Amino acid sequence: MKKLLLPAILLIFINTAMAQNKRFGAIKTTHSIKVDGDEGDAAWNDVESISDFITSIPVFGKKPRRETEVKVLYDNAAVYVLAHIHDNPSNIRRQLTLRDQENLQDVDAFSIGIDTYHDKQNGFLFKVTAAGVQSDAKISESTDFTWDAVWESKVSIKNDGWVAELKIPFSAIRFPKTSVQTWGIQFTTENRNVNEAATWSPDDPTINGTINKWGEMTGLRDISPPIRLSFLPYLSSGVRVSPVGNNTITEYLKSGGMDVKYGISESFTLDATLIPDFAQVQSDNIILNLSPFDIKFSDFRPYFTEGTELFNKAGIFYSRRIGDAPSGSFGILQLAANDPNYKIEKNPGITRLYNATKFSGRTKNNLGIGILNAVTVPMYAELRDNTADTILRVNTEPLVNYNIIVLDQALKNRSSITFTNTNVLRRGGSRNANVAALDVSLYDKRNRHQFFIDGLYSNIWGSLGKYDGYKSDVRFRKISGKFQYYVNAAVISDTYDPNDLGFLRNNNQFNFGTTLSYVIFKPTEHFLNQRYDLGYINVYLYNPFKWQNFVTNTKAYFLLKNFWDITATLQTQPYWSNDFFELRTAGKFLKRSPVYYFDIGGSTDSRKKFFLTYDVGFAETPLPKDPYYSGTLGFRYRFNDKFQMDAEVHAETDNMNWGYAFRDVNNGQPVIGTRKVNTDYTILGATYNFNPLMNLTLRMRHYWSKVNYSNFYNVMDDGYWDDRMYEQGHDQNFNTYNLDMFYTWNFLPGSNIIFSWKNALGADVNIDGMVNKTYTKNLTTVFHNPHSNELTIKVIYYIDYLNLTKKKFSNRHISNLN
């Protein structure tokens, strides 16, 4: 009995200790601390170390293979962290990476997470790698690594491991103005040699969430938020050469502007940009779109990705709407292509901004407030009328004002209630839009279940028409434990439209579904962890209310003990379904055959020099000669700690793709076709890091999609189809090619120089797919056609008001001494 009782008591004790929040008392120092990656400062001598870390990856709850000791101090200006990670120096991984991109790279790291409002929902993350590269992020429901702060860090290699020293200025974070504060806090070490991560406060994977599992730093006294005022002026210059038909347009680019960050109070920040320039961002992954829906692209512009987690909470803010391509620019290209009397002199491909302003923060009662406003410049194209020898100036985009307001009240137990409103006003009033959303998210005290409900209303008005609509979602989830489930229902009216500032693929739907999950967190003989999901969704057209589709989804994920992972997916649509959108015609629908799709993908151990990712898909229907194949291979090779290359190759063949082709010229009715669609692309990349502050990156992407029609059909009232004569001229051959090269040097904290070269296939180049039938011939022909080139250089200089005042005070003090 004693032999059984003692382990049981010990197990209860360990589980109880892990369930309790860890805490330590904050220590204020009057000593000056030099951030040099060393432990020699006298301030650290009498500070007790924080240790007893617990593994979180790959297995939770074990003692880490290496010991970590952390010391924390603060003064009136900053929080200081000293971490000594004990290890054999030969085992320390030190690959140089880009900022915020150390994930899955071969480098050790130490990080600190801070929840300054102690609401267990919002926090800041500061990470430094053993190579001295910084990463930082804002954490809420997701982790936003696009947020960048100005802070200090140094690392050094010792005989018994490595040391990281961090200084996080109060100007880099936000916190309430109270005399005594308690902050949530977490320390994490990542040991890539054994692929292990350990945290100070236990990060139990069976418990949902992240910040809610952090420990506490208590007793921060008499700290005052400093004046947070910084300026980021920039100058840029360059040249763009673009082929248009048989002509070449040369544009000389020059711009200047400024970003300003101002702490209006201890908790709120005004972030403004005047005449921004976004030339130094990655090109879009453009594809051939055969669907009736819009395509969503990622936004790489720092201003619209950094610190916008509050604006994205309701899911109605798609930042690419601001400053997108002028709505009339494509019409100008068509006009010039169809009428030889017109020659394009100027046709801007992006909409410039006059300015944009963000205001965000939280009150001491945990009310988050966010306001964003942006005003775009009216854009004009210039056409030369060769017959009259005159210049025709055409407005392709009016002046537009974009607004978004968010009120987010954090409640107990990670719960929240959020109100979001977006508003778009166009000069001339052709189309204006307003969307309002109310979201309620409730968690129980034990953090096991979540209930979510939202309601959204859109209103469109202007000279082009007026209508309104609504959307609502209801979800209930079991979020913690081995067995989890998800039940949801959603209704989207046929007139709900958030797309002036948001993104919705399609409206006019009612759907409900559920997903059951079983997660095995503990290692077994072959796997470190496993996850199994089984679910379905049943979809109806909202107006008129008709059944549309039924889809089942089965998925299994395995992480092997050699750190390879495998994901297998089986998706079925077992019944003939009704597609109410493909025909682009009200009251018409297309019958879709049952389909069965299987996919398997995964990756190898990312620590190795050669890293491989793969994905293979296959689909089949009852229709003859209708298989679908796809395959993607990704390669990454690390030559040394400074240089690595990567590649991704994709090939896809849909032998019998059914879809909208054109409209009958006699009756205007939609005509569908069966087509073989081949899609191939290659992405090549290379990164060379000269040091933690200087790097060169290159990315080349070639995409080719070829569409060959075999038959055409008229669609009958019951959704099935009837043969019609074949018509020539509807095959498509679509190519895009982009090369982006960026040289970046962070010559001072927050300041950098960026040199960029962008090379792209000419916008109106048409490569003959019948002549260039293979991918190799197609790619070779791409290089023999006209390309556009853009060379730019941009200088950004960070000016901190506090540093200016210190310099003025220092100079004044020296003058008085003289």
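**Exercise 1. Work out whether Ile-404 is buried or exposed, and find what surrounds this residue.**

Step 1: Ile-404 has 0% relative accessibility, so this residue counts as buried (buried means under 20% relative accessible area, exposed over 50%, partly exposed in between, using a 1.4 Å probe and protein chains only). Keep in mind that this is a predicted model, where local features need pLDDT of at least 70, side-chain atom pairs count only at pLDDT 80 or more, and totals for chains, interfaces and linings use all residues. Residues are numbered from 1 along each chain as its sequence is written, and side-chain values use heavy atoms, with hydrogens and water left out.

Step 2: Now place Ile-404: this residue sits in strand S22 (residues 400-410). Helices (H or I, at least four residues) and strands (E, at least two) are DSSP runs, numbered from the N terminus.

Step 3: Skip the neighbours within four places in sequence, and the contacts of Ile-404 include Phe-311, Phe-317, Gly-370 and Thr-420 (contact means heavy atoms within 4.5 Å).

Step 4: For a distance check, go from Ile-404 to Val-771: that's 367 residues in sequence and 50 Å in space, C-alpha to C-alpha.

**Exercise 2. Do the same for Thr-308 and Thr-554.**

Step 1: Thr-308 has a relative accessible area of 2%, so Thr-308 is buried. With 34% relative accessibility, Thr-554 counts as partly exposed.

Step 2: Look at where they sit. Thr-308 is in the loop between helix H2 (302-305) and helix H3 (329-338), while Thr-554 belongs to strand S30 (residues 546-560).

Step 3: List the partners, not counting residues up to four places away in sequence: Thr-308 touches Asp-144, Tyr-303 and Lys-358. Leaving out neighbours within four places, Thr-554 is in contact with Asp-533, Leu-534, Ala-568, Thr-569 and Leu-570.

**Exercise 3. Which residues of H3 are buried, and how are they arranged around the axis?**

Step 1: Pick out the buried ones: Ser-329, Ile-332 and Ala-336.

Step 2: Check the arc. These residues cover only 55° around the axis, which puts them on the same side of H3 (the arc is that of the directions from the helix axis to the C-beta atoms). A handy rule: an α-helix has 3.6 residues a turn, so residues three or four places apart point the same way.

Step 3: Flip to the face turned away from the buried side, and you meet the exposed residues Phe-330, Ala-337 and Asn-338.

Step 4: Ask what the buried side packs against: strand S17 (342-346), strand S20 (379-385) and strand S21 (390-397).

**Exercise 4. Repeat this for helix H4 (residues 775-783).**

Step 1: The buried residues here are Asn-778, Thr-781 and Val-782.

Step 2: Seen down the axis of H4, they fall within an arc of 110°, so they line one face of the helix.

Step 3: Their packing partners are strand S39 (694-715), strand S41 (732-748), strand S42 (751-761) and strand S43 (787-796).

**Exercise 5. Describe the largest nonpolar core.**

Step 1: Start with the meaning: a nonpolar core is a set of buried Ala, Val, Leu, Ile, Met, Phe, Trp, Tyr and Cys residues joined through side-chain atoms within 4.5 Å.

Step 2: The largest one has 38 residues, and Val-70, Phe-110, Ile-112, Phe-126, Leu-166, Trp-183 and Phe-187 touch the most other members.

Step 3: Among the strands that each supply at least two residues of this core are S3 (68-74), S5 (109-115) and S11 (180-191).

Step 4: Don't miss the second, separate core: its 18 residues include Tyr-303, Phe-311, Ala-374 and Val-406.
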